[in-house]
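Q: Could you take me through one part of this model up close, the way you'd talk it over at the bench? I'd like the salt bridges and whatever sits around them.

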Amino acid sequence: MEECEAATTKETLDQDSSKMSVVNRINEATGEASSQISESVCKRPEETEARFKRRKLFDKVMQKSLEKFIEHASFNRFASTFRPLYKKNPQRMESIHKQFIAELQRTIQEDLSRLIDEGRLDFKLNELDQLEAAAKNNAEPAWRPSGVPEQDFSSFLMPYYKKQENYMRQELKKIKAENAALSQKAQAGRESLRQTEHRISTTVDEWKASVTEFERRASSLHPADVFDV
């Protein structure tokens with residue numbers, strides 16, 4: 001019985017020491033990342049003190065979040081998931097867990113660094129400073145959600161729809177003006193065509209009348225009257 005209790009106590013102490021070592025490695029790694037980020041921030045004299053505090057707070061939050069996440073991947077949970085392997089070789093399982101934690105931590109830090117670079121965190125902090133400065137000079141209350149998604153969504157879309165409606169009204173007005181101009185041109189063309197047809201018809205009638213008069217006079221003449229021998 002004493003041997004079982006001693007073995008259990010030893011296993012608990014080993015797990016606690018493993019957990020403390022993992023937390024220490026996390027603190028060291030996140031501390032190094034935070035120091036690197038802080039050094040890069042300090043190298044930029046144009047950054048404001050408020051932005052520096054925001055970045056420092058962001059690093060602290062990320063560090064705490066990473067610690068909490070790693071705690072959920074403790075050795076006890078890891079061993080309980082692979083209980084047969086743990087019973088067979090506890091030392092080997094502990095080594096695998098350490099490698100797993102190290103790889104998980106490294107991957108998370110790489111993803112976090114990539115997200116900071118791709119998301120341009122420093123630039124966004126600068127925009128946040130500008131928005132904060134602009135908000136101080138604006139006496140109007142800032143927009144806040146009403147708690148009713150339909151109303152919030154409608155208030156967001158209505159200005160866009162009104163803008164589109166005004167644009168469509170202007171385009172419709174332009175199209176109507178163009179159609180009116182084209183209609184006037186078509187009416188003028190039809191009038192010109194009607195006048196041309198009238199002139200052609202008048203000319204044809206006059207020509208026919210001239211031909212008829214010529215034929216009438218020609219038929220009234222006799223050869224004896226023309227050539228008196």
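A: Here is a walk through the charged pairs, with the surroundings filled in along the way.

First, a caution: this is a predicted model. The chain has 8 helices and 0 strands, so reading from the N terminus you meet α-α-α-α-α-α-α-α, one helix after another. Of its 229 residues, 14% count as buried. About 18,900 Å² of the chain is exposed, and carbon and sulfur atoms supply 59% of that area. Among the contacts with a separation of 6 or more, 70% are between residues 24 or more positions apart.

Now to the salt bridges. How many are there in the count? It comes to 8. As background, side chains of opposite charge can pair when their charged atoms come close.

Let's begin in helix 5, which covers residues 90-118. There, E110 forms a salt bridge with R106, and their closest N and O atoms are 2.6 Å apart. Both residues lie in helix 5, 4 residues apart, which is about one turn of the helix. Are these two buried or exposed? Neither end fits those words: E110 is partly exposed, with a relative accessible area of 41%, and R106 is partly exposed too, at 37%.

Next comes helix 7, residues 149-220. One salt bridge here joins the side chains of R169 and E165, at 2.9 Å from N to O. They both lie in helix 7 and are 4 residues apart, again about one turn of the helix. R169 counts as exposed because its relative accessibility is 54% and the cut-off for exposed is over 50%. E165, at 39%, counts as partly exposed.

Further along helix 7, the side chains of E191 and R194 meet in a salt bridge, 2.5 Å from N to O. E191 and R194 are 3 residues apart in the helix, so about one helical turn separates them. Both are partly exposed: E191 has a relative accessible area of 31%, and R194 comes in at 48%. Going back to helix 5 for a moment, salt bridges that share partners join E103, R106 and E110 into one network. So the E110 and R106 pair described above belongs to that network, because a shared partner is what joins these bridges.

Helix 7 has something nonpolar to look at as well. M158, which lies in helix 7, makes a nonpolar surface patch of about 330 Å² together with Y160 and Y161. M158 is partly exposed, at a relative accessible area of 37%. The two tyrosines are also partly exposed, with Y160 at 47% and Y161 at 48%.

Those tyrosines turn up again when you look for aromatic pairs. A search of the whole structure finds 1 such pair. It consists of Y160 and Y161, whose ring centres are 5.8 Å apart and whose planes meet at 55°, so the pair is tilted. In general, a pair of aromatic rings is described by the distance of the centres and the angle of the planes.

What about the loop that follows helix 5? R120 is in the loop between helix 5 (90-118) and helix 6 (121-136). R120 has a positive phi of about 50° although it is not a glycine. For comparison, most residues other than glycine have a negative phi. R120 counts as partly exposed, at 47% relative accessibility.

Just into helix 6 you reach D122. D122 has a relative accessible area of 21%, so it counts as partly exposed; the cut-off for buried is under 20%. The C-alpha atoms of D122 and F52 are 9.5 Å apart, although 70 residues separate the two along the chain.

To finish, a look at the inside. Which residues make the largest nonpolar core? There are 5 of them: F75, F78, A79, Y86 and M93. Helix 3, residues 75-81, provides the largest share of this core, with 3 residues. M93 falls within the 90-118 range of helix 5, so the helix that holds the E110 and R106 salt bridge also has a residue in this core.

Methods
Residues numbered from 1 in each chain as written. Predicted model: local features only at pLDDT ≥ 70, side-chain atom pairs only at ≥ 80, totals over all residues. Heavy atoms only, no water. Helix = DSSP H or I, 4+ residues; strand = E, 2+ residues; numbered from the N terminus. Buried < 20%, exposed > 50% of the residue type's maximum accessible area, 1.4 Å probe, protein only. Contact = heavy atoms within 4.5 Å. Areas by Shrake-Rupley, 256 points an atom, 1.4 Å probe, with all protein chains shown as cover. Patch = residues over 30% accessible without salt bridge, like charges linked within 9 Å, V, L, I, M, F, W, Y side chains within 5 Å. Salt bridge = Lys/Arg side-chain N within 4 Å of Asp/Glu carboxyl O. Core = buried A, V, L, I, M, F, W, Y, C linked by side-chain atoms within 4.5 Å. Phe/Tyr/Trp six-rings, centres within 6.5 Å; stacked < 30°, edge-to-face > 60°.
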